[in-house]
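Q: Please take a close look at one part of this model, the sheet of chain B together with what lies against it, and then follow the chain outward to its partner.

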Amino acid sequence: MSIVTRIRQKQIAQLIAKGTRLDGRGPTDYRETKIEQGIIERAEGSARVLLGRTEIVVGTKVETGEPFSDTPNEGVLTVNAELVPLASSTFEPGPPDENSIELARIVDRGIRESKAIDTEKLCIEPGKSVFVIFVDVYVLNHDGNLIDASALAAVAALLNTKMPNYEVEEGTVKIKPGYTPLPMRKRPITITFAKIGDKLIVDPWLEEEQVMDSRLSIAIDDDGSICAMQKGGAGYFTQEQVIEAAKIAKEKAEEIRKKQNW
Amino acid sequence: MSKTEKLIDKKGVRQDGRKFDELRSVKIDVGVLSNADGSAYIEQGKNKILAAVFGPREMHPKHLALQDRMVLRCRYHMAPFSVQERKSPAPSRREIELSKVIREAIEPSIFIDNYPRTGIDIFIEVLQADGGTRCASISAASLAVADAGIPMRDLVSSCAAGKVEDTVILDLMDTEDKMGVADVPVALMPNLNAITLLQMDGILTTDEFETAVNLASEGCRKIYAVQKEALKVKYVTAKEEEAEEE
């Protein structure tokens, strides 16, 4: 950590200890969230999420393919994340690094573990042919908390996704005109915490992320249960902090759910 | 295995005969590789995992070195023969993510500011996998760091808890992990009560999560006792041998 960052960290930590933050928010205040759906016509589903100045676009594509051998009658979900170089001076072109792989896998876990998609309804012919849902997360502007914004955008895009109608004729799949919506059962919402100077804050923005000790992301499903979790960063949490975070996450997810009417 | 087969019976006994809060048998050896600066081997259930540490040493490539601290790198890798169906030796996305979370689980235990401009590499090879490999890897890797003589705040001990059917249980084996409801891997620095790894997948209420974290932490403390014993076996016997030679 550079000297300047260390001074910054002290300043931010002192503010948080007093119950406020650099951008004026309280410790558990979320930034303003805006969701737009259906912004990319070529994609089967899409959404743009603005979380403060963080901007994410998610597009989904639906194709037919083979199921995994251990789940012969279930469709396939594939999540990928691109940290596009235009989003931040710290992103470089090239194959996905560990940060983008981790981001994609956290988003994937929230959707998969909450069983958000009724994957059995994506089966065309058991063991042979199923629908494959590609979820591509595109980070367009990085101002912190990419995880929550990406998870929100991915679910919004899935809710907006249409699947082609089809019929099976003599073993071949024929696409018919018209669409049906993707069978969605759950709308998981992910809440991320940063630990700075032994205090937890919700929805860290970039300056806070740069000085945080560690990070904890918690995905909450429609029933208020926890369905995925991930700690990140080279710091630690106490047992009490982890349990406190789980409770706050449940409240925050409920708040967002109400606002979005999910 | 058929879906009707119970993972835990009415008496609360699991398929391998364990109770809900029982670990699998854990065996750890320290200093098993002569070329590494530190190493450890762990067997937990059917898991067989080797961890090796090189460093602190000059960073390669040099431009990755940091002026005010050491750089910790970690590679978690599964052998192609470690699982039922051959795994391609190329690193998968899962392995890249696990390498990152394992590194972040070990890093808080090391005084990284004490070694500016240097690097430490942790290499983990899973020779056989039986569920809970990330936890067993962390327990072994932390001992390998200690074996390399690198100053540490505490050992890192790791263990998972989870839920099968309606019961929260400790240290899931492969079938329990795959057929169960949820899995919560935890890594802990026992003397500092600091959680350095926490992941979860599956469905848990907040109350069940609290139970799982507490159970996993207890599991970590049990692993810690085995880790300490493994260090003593290497270093206390080595010292005794030295004394005998004199």
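A: In this predicted model, helix H1 of chain B, residues 93–106, lies across strands S4 and S5 (118–128) of chain B, and its direction makes an angle of about 135° with S4(B). The two strands beneath this helix belong to an open sheet of five strands in chain B, whose order is S1-S2-S3-S5-S4 and whose pairing is mixed. Strand S4 of chain B, residues 71–78, is an edge strand of that sheet, as is strand S1 of chain B, residues 26–30, and each of them pairs on one side only. From one strand to the next, the twist averages 15°.

At the S1 end of the order, S1(B) runs antiparallel to strand S2 of chain B, residues 38–44, and five bridges join the two. Within this pairing, Ile28(B) has Ile42(B) of S2(B) as its bridge partner.

Helix H1 of chain B also leads to the contact between the chains, which takes 27 residues from chain B and 29 residues from chain A. On the side of chain B that touches chain A, H1 is one of the elements that supply at least two residues each, together with strand S9 (194–204) and helix H4 (206–245) of chain B. The largest share of that side, eleven residues, comes from S9(B). Sorted by class, the side of chain B that touches chain A holds twelve nonpolar, seven polar and eight charged residues.

Strand S9 of chain B does not merely contribute residues to this contact, for S12(A) and S9(B) pair across the chains in the antiparallel sense over four bridges. Here Ala228(A) stands opposite Asp201(B) in S9(B).

On the other side of this pairing, chain A is divided into domain 1, made of residues 1–30 and 188–262, and domain 2, residues 32–186. The centres of these two domains of chain A, taken over C-alpha atoms, are separated by 25 Å, and their contact takes 21 residues from domain 1 and 20 residues from domain 2. Strand S12 of chain A (226–232) is among the elements that each supply at least two residues of the side of domain 1 that touches domain 2, the others being strand S9 (189–196), helix H4 (206–211), strand S11 (214–220) and helix H5 (239–260) of chain A. Thus S12(A) takes part both in the pairing with S9(B) and in the side of domain 1 of chain A that touches domain 2 of chain A. The largest share of that side, four residues, comes from S9(A), and its residues divide into eleven nonpolar, five polar and five charged.

Notes. Residues are numbered from 1 along each chain as its sequence is written. Chains are lettered from A and ligands numbered from 1 in the order in which they are written. This is a predicted model: local features need pLDDT of at least 70, side-chain atom pairs count only at pLDDT 80 or more; totals for chains, interfaces and linings use all residues. Domain bounds come from an automatic or database domain assignment. Two residues are in contact if their C-beta atoms, placed from the backbone, lie within 7 Å. Ala, Val, Leu, Ile, Met, Phe, Trp, Tyr, Cys and Pro count as nonpolar, Asp, Glu, Lys and Arg as charged, and the others, Gly among them, as polar. Two strands pair if DSSP finds at least two bridges between them. Axes are lines fitted to C-alpha atoms, for helices over the stretch in contact, and angles run from 0 to 180 degrees between N-to-C directions.
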